[in-house]
Amino acid sequence: MTTSDSSEAVPEAAYELAQVNIARLKAPLDSPQLKDFVDNLDPVNADAEAADGFVWRLKGDSGDATEVSVFGDEWLIINLTMWRDTNALTSYMYQGRHREMLARRREWFERVQEAMTALWWVPAGHRPTVAEAESRLLHLRTNGPTPYAFTLRTSFPPQGAQPVPGEVPDGLGCSA
């Protein structure tokens, strides 16, 4: 991005938006029930990578993150991405193929009570780990939206947020 004088570049943003969402599968990934979901993973991921504001996504050996373990639960899958800001993420989420798949999520994933999606700001260039994403989800479940872990509905501006101290109550994890 540049200013009106094209010879002066505006510095890159100091923060990028990390987004994690996890889902509990209703059936194995190789089952007929999940065929449409699995068949659309590559096209949906390609759409994300081409979207304005996309920065990065977690990938396993298969090119997606379906084999990446989260909370030690084989029935959970993870999507961990980085975006320029909440507007870029929202714009991608609610259009095209992703929107179509989002509308069908109940066919493939269990409905759960606890938060399965969290957002947080990280210094530009940082790539969060699965452990960091798990920590942010647990923090959101325990404390609700804070600058450390929040939702699209209740978001916060970029800043160096610290976790709210406290214990995680029983039952907020995802193990079966």
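Hi everyone, this is a short tour of one protein chain, its main pocket, a helix pair and one residue.

First, the ground rules: this is a predicted model, where local features need pLDDT of at least 70, side-chain atom pairs count only at pLDDT 80 or more, and totals for chains, interfaces and linings use all residues. Residues are numbered from 1 along each chain as its sequence is written, and side-chain values use heavy atoms, with hydrogens and water left out.

Let's start with the fold. The protein chain has five helices and four strands, taken as DSSP runs numbered from the N terminus (H or I, at least four residues, for helices; E, at least two, for strands). From the N terminus on, the order is β-α-β-β-α-α-α-β-α. Of the 176 residues, 39% are buried, meaning under 20% relative accessible area with a 1.4 Å probe on protein chains only; exposed is over 50%, and partly exposed lies in between.

Now the pocket. The largest one has a volume of about 1400 Å³. On a 1 Å grid over the protein atoms alone, a pocket is an open set of points where a 1.4 Å probe fits, with protein on both sides within 12 Å along at least five of seven lines; lining residues have an atom within 4 Å of a point. The volume is the space filled by probe spheres set on the points, which are joined across faces, edges and corners.

There are 45 lining residues, and the closest to the centre are Asn-21, Ile-22, Leu-102, Arg-105 and Thr-117. α1 gives the most to the lining, with six residues. By class, the lining has 25 nonpolar, 11 polar and nine charged residues; Ala, Val, Leu, Ile, Met, Phe, Trp, Tyr, Cys and Pro count as nonpolar, Asp, Glu, Lys and Arg as charged, and the others, Gly among them, as polar.

How do α1 and α3 cross? Their axes come within 9 Å, at roughly 145 degrees; axes are lines fitted to C-alpha atoms over the stretch in contact, with angles from 0 to 180 degrees between N-to-C directions. On the α1 side, Asp-36, Asn-40, Pro-43, Val-44 and Asp-47 meet Arg-97, His-98 and Met-101 in α3, contact being heavy atoms within 4.5 Å.

Finally, back to Thr-117, which sits in strand β4. Thr-117 counts as partly exposed because its relative accessibility is 36%. Leaving aside residues up to four places away in sequence, Thr-117 touches Gln-19, Val-20, Asn-21, Leu-137 and Leu-140.
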